[in-house]
Amino acid sequence: MSPAPAVTIRVNDAELRVTAGVTLAVALHDAGRTVLRRSASDEPRGPLCGMGICFECRVTIDGVPHRRACVVVVADGMDVRLDA
């Protein structure tokens, strides 16, 4: 069985090689990044519902804030900013 194809994304200026075709939330989870942002009261936040309803997985992607990591598929060269 051959390995799954991969793409390279940048997360807070660090390169990360991730499986192609998965959502950003899955790619970050697989890389051990479970806290994606902090609430107004500094509580850790990450994917909760996994289908775009709860908005807990909001990140900045390619300069666009408040994107939901659970509904965006990774793309080669994607620049991700976590507020965690």
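**Exercise 1. Work out how the charges are balanced in the protein chain.**

Start with the count: there are 10 positive and 10 negative side chains, with Lys and Arg taken as positive, Asp and Glu as negative, and His and the chain ends not counted. Next, place each charge at NZ of Lys, CZ of Arg, CG of Asp or CD of Glu. The centres of the two sets then lie 3 Å apart.

A quick note on the ground rules: this is a predicted model, where local features need pLDDT of at least 70 and side-chain atom pairs count only at pLDDT 80 or more, while totals for chains, interfaces and linings use all residues. Residues are numbered from 1 along each chain as its sequence is written, and side-chain values use heavy atoms, with hydrogens and water left out.

**Exercise 2. Find out how many disulfides the structure holds, and check Cys 54 and Cys 70.**

Take the cut-off: a disulfide is a pair of cysteine sulfur atoms within 2.5 Å. The tally is zero. For Cys 54, the nearest cysteine sulfur belongs to Cys 49, 3.7 Å away. For Cys 70, the closest one is in Cys 57, also 3.7 Å off, so that pair is too far apart for a bond. Now the exposure, where buried means under 20% relative accessible area, exposed over 50%, and partly exposed in between (1.4 Å probe, protein chains only). Cys 54 is partly exposed at 24%, and Cys 70 is buried at 9%.

**Exercise 3. Describe the surroundings of Thr 60.**

First locate Thr 60: strand β5, residues 58–61 (strands are DSSP runs of E, at least two residues, numbered from the N terminus). Thr 60 is buried, with a relative accessible area of 17%. Finally, skipping neighbours within four places in sequence, Thr 60 is in contact (heavy atoms within 4.5 Å) with Pro 65, Asp 79, Val 80 and Arg 81.
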